[in-house]
Amino acid sequence: MAGAVDPARWHDRLAELIAEYEVPGANLAFFHEGEVHEFAAGVLNVDTGVEVTTDSLFQIGSITKVWTATQIMLLVEQGALTLDTPVSEVLPEFKVADAEVTKTVTIRHLLSHTSGIDGDLFLDTGRGDDCVEKYVEACADLAQNHPLGATQSYCNSGFIVAGRVIERLTGKVWDAALREQIIEPLGLTHTWTLPEDVLRFRAALGHLDGKPAPVSSLMRSCGPAGLISARPADVVAFGRAHLSAGLLSDPRAMWEPQVDIPNPYTLGKQWGIGWILDEWQGHRVISHGGNTIGQAAMLWAIPDTGTVVCSLTNGGHTAAFHHALATELFAELIGVSVPPVLGPPAEPVEVDVERYAGVYERAGNRMTLTVRDGRLSLLNEATGALAGIHPPIEFDLVAVNDTTFVGRPEGEPQWMSAVFYELPDGSPYVHLGVRATPKIA
């Protein structure tokens, strides 16, 4: 079994890891055996050189979705709705392009990423308290990425719609409801959503290719999907609140598997209500990650040991950094091996790759797969609002088996996985980055 925490070693080790993975700054907190440990390394902004402290706020990105799901579950426990309540019952004005989905999509679909709504719509609807309401109005043209409930595909828009459900049922804007439902009951002093509040603290700026990002954060309208900024100790306190009754009378309801993730090699094997679900050496793991413009975050909780870890970063090779940190930390804390990242097989695998060639597209992203010298090559392009921030990337895919491939953009230390599969109706898809993308040509 693992030994006691050595604070001096982790102070030094965090600095070594950020240097290795070219991360400007990192903030780490974990709860283990009754004690919270906090560590910081690097700088908040390479241009100013201001050092990261344990009280510095970083953007936690999509970890926010677990907070929004928790807000919904608090309303479920109060009897205001159920997970199977149709969205249209709470929001009669709600509409997407598919009339049947408009009527039948439920809260459960939104919180488990099974709605099929093509949901990477990053739309700035202003800074006013009506920004989420206006965003939901703009969802009227969103098409289906896949049929309702047919598979899992990450959907930012679904969580913004869930945020509007919270607004309707609480009578408060999402930010205010978040404070009343979660932040204040947990006594969190370093958790905020609006830039003017974040700026009262040391705040991290994201970095792209080693340089400060051109903007500090996403638009306010995307709040319920990813706008919380916090210090890691606050995020750890939130994670701990999900390990026993207190904030929720039954937090385990959020751990119930809702759908298998077609590509289980990225973040986990299943999705619960908000949480990503996995298992490491017989230990249940609940987790979520978050990526904003040049910042990346991870939250892991191991319920049977009570261990909760939050790691926040502001640029560099963040996926590889978080995996290396988790691998070392969980081995030391609880003697558990984190599964290695899927990489190429020891011996080449012969696969008919021609059948996977073509164009795969969803809102905000286009992937073009071509065959070169018998190998698949992927051109991945952001479209829409983020096209100017994220440049196209191109890399080869290496077959692991008949349907699973891995690839690594130039200069990246960590492999990415892609799984090709078909829906029950035979429609071809690729699952990459926890999103299902249909083949369109």
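Reader: What makes you call strand 11 mostly covered?

Author: Seven of its nine residues are buried. To count as buried, a residue has to fall under 20% relative accessible area. Bear in mind that this is a predicted model, and strand 11 covers residues 283–291 in it.

Reader: How do you know that strand 11 and strand 12 pair?

Author: Two strands pair if there are at least two bridges between them. Strand 11 and strand 12 (residues 296–302) have six, in the antiparallel sense, so they meet the rule. If you want residues to click on, Ser-287 stands opposite Trp-300 in strand 12, and His-288 stands opposite Leu-299. The two strands form a hairpin with four residues between them, and Gly-294 in that turn has a positive phi of about 80°.

Reader: And what makes strand 10 a partner of strand 11?

Author: That's the bridge count again: five bridges join strand 10 to strand 11, and the two run antiparallel. The cut-off is two, so this is a pair as well. One of the facing couples is Asp-278 with Val-285 in strand 11. Strand 10 and strand 11 make a hairpin too, with two residues between the strands, and Gln-281 there takes a positive phi near 50°.

Reader: Why do strand 2 and strand 8 count as edges of their sheet?

Author: Look at the strand order first: eight strands run 2-1-13-12-11-10-9-8 in an open sheet, with antiparallel pairing. Strand 2 (35–42) and strand 8 (259–260) each have a single partner strand, so one side of each has no neighbour in the sheet. Helix 12 (residues 318–334) packs on this sheet, touching strand 1, strand 10, strand 11, strand 12 and strand 13, and its direction makes about 155° with that of strand 13.

Reader: There's another sheet with three strands; how do you know that strand 3 pairs with strand 7 there?

Author: Two bridges join strand 3 to strand 7 (residues 229–230), running antiparallel. The rule asks for at least two, so the pair qualifies. One bridge couple is Gln-59 with Ser-229 in strand 7. The order of that open sheet is 3-7-4. Strand 3 (58–59) and strand 4 (191–192) are its edges, because each has a single partner strand.

Reader: What makes the phi of Glu-22 worth pointing out?

Author: Most residues other than glycine have a negative phi. Glu-22 is not a glycine, yet its phi is positive, about 55°. You'll find Glu-22 in the loop between helix 1 (7–20) and strand 1.

Reader: Is Glu-22 buried or exposed, and what is the basis for the label?

Author: Exposed: the relative accessible area of Glu-22 is 57%, and the label applies over 50%.

Reader: What about His-113: buried or exposed?

Author: Buried, because His-113 comes out at 0% relative accessibility, with the cut-off at under 20%. His-113 also has a positive phi, near 60°, without being a glycine. The residue sits in the loop between helix 5 (107–111) and helix 6 (131–138).

Reader: Which residues touch the most other members of the largest nonpolar core?

Author: Ile-60, Trp-67, Val-87, Phe-94, Leu-111 and Met-254, out of 77 residues. Helix 2 (residues 64–77) gives the most to this core, with seven residues. Take Val-87: leaving aside neighbours within four places in sequence, Val-87 is in contact with Phe-94, Val-105, Thr-106, Ile-107, Leu-110, Val-161 and Val-165. Apart from that core lies another of 29 residues, among them Phe-30, Ile-302, Leu-333 and Ile-334.

Reader: How do you know that the radius of gyration agrees with a compact globule?

Author: For 441 residues, a compact globule would be near 22 Å, and the chain has 21 Å, so the value agrees. The C-alpha atoms fill a box of roughly 55 × 55 × 45 Å along the principal axes.

Reader: What else describes the chain overall, say the share of buried residues?

Author: Buried residues make up 55% of the 441. The chain exposes about 17400 Å², and carbon and sulfur atoms supply 50% of that area. Of the contacts between residues at least 6 apart in sequence, 62% join residues at least 24 apart. The secondary structure comes to twelve helices and 21 strands.

Definitions and conventions. Residues are numbered from 1 along each chain as its sequence is written. This is a predicted model: local features need pLDDT of at least 70, side-chain atom pairs count only at pLDDT 80 or more; totals for chains, interfaces and linings use all residues. Side-chain values use heavy atoms; hydrogens and water are left out. Contact means heavy atoms within 4.5 Å. Axes are lines fitted to C-alpha atoms, for helices over the stretch in contact, and angles run from 0 to 180 degrees between N-to-C directions. A nonpolar core is a set of buried Ala, Val, Leu, Ile, Met, Phe, Trp, Tyr and Cys residues joined through side-chain atoms within 4.5 Å. Buried means under 20% relative accessible area, exposed over 50%, partly exposed in between (1.4 Å probe, protein chains only). The radius of gyration is taken over C-alpha atoms; the globule rule is 2.2 Å times the number of residues to the power 0.38. Accessible areas come from the Shrake-Rupley method with a 1.4 Å probe; for residues, only the protein chains shown count as cover.
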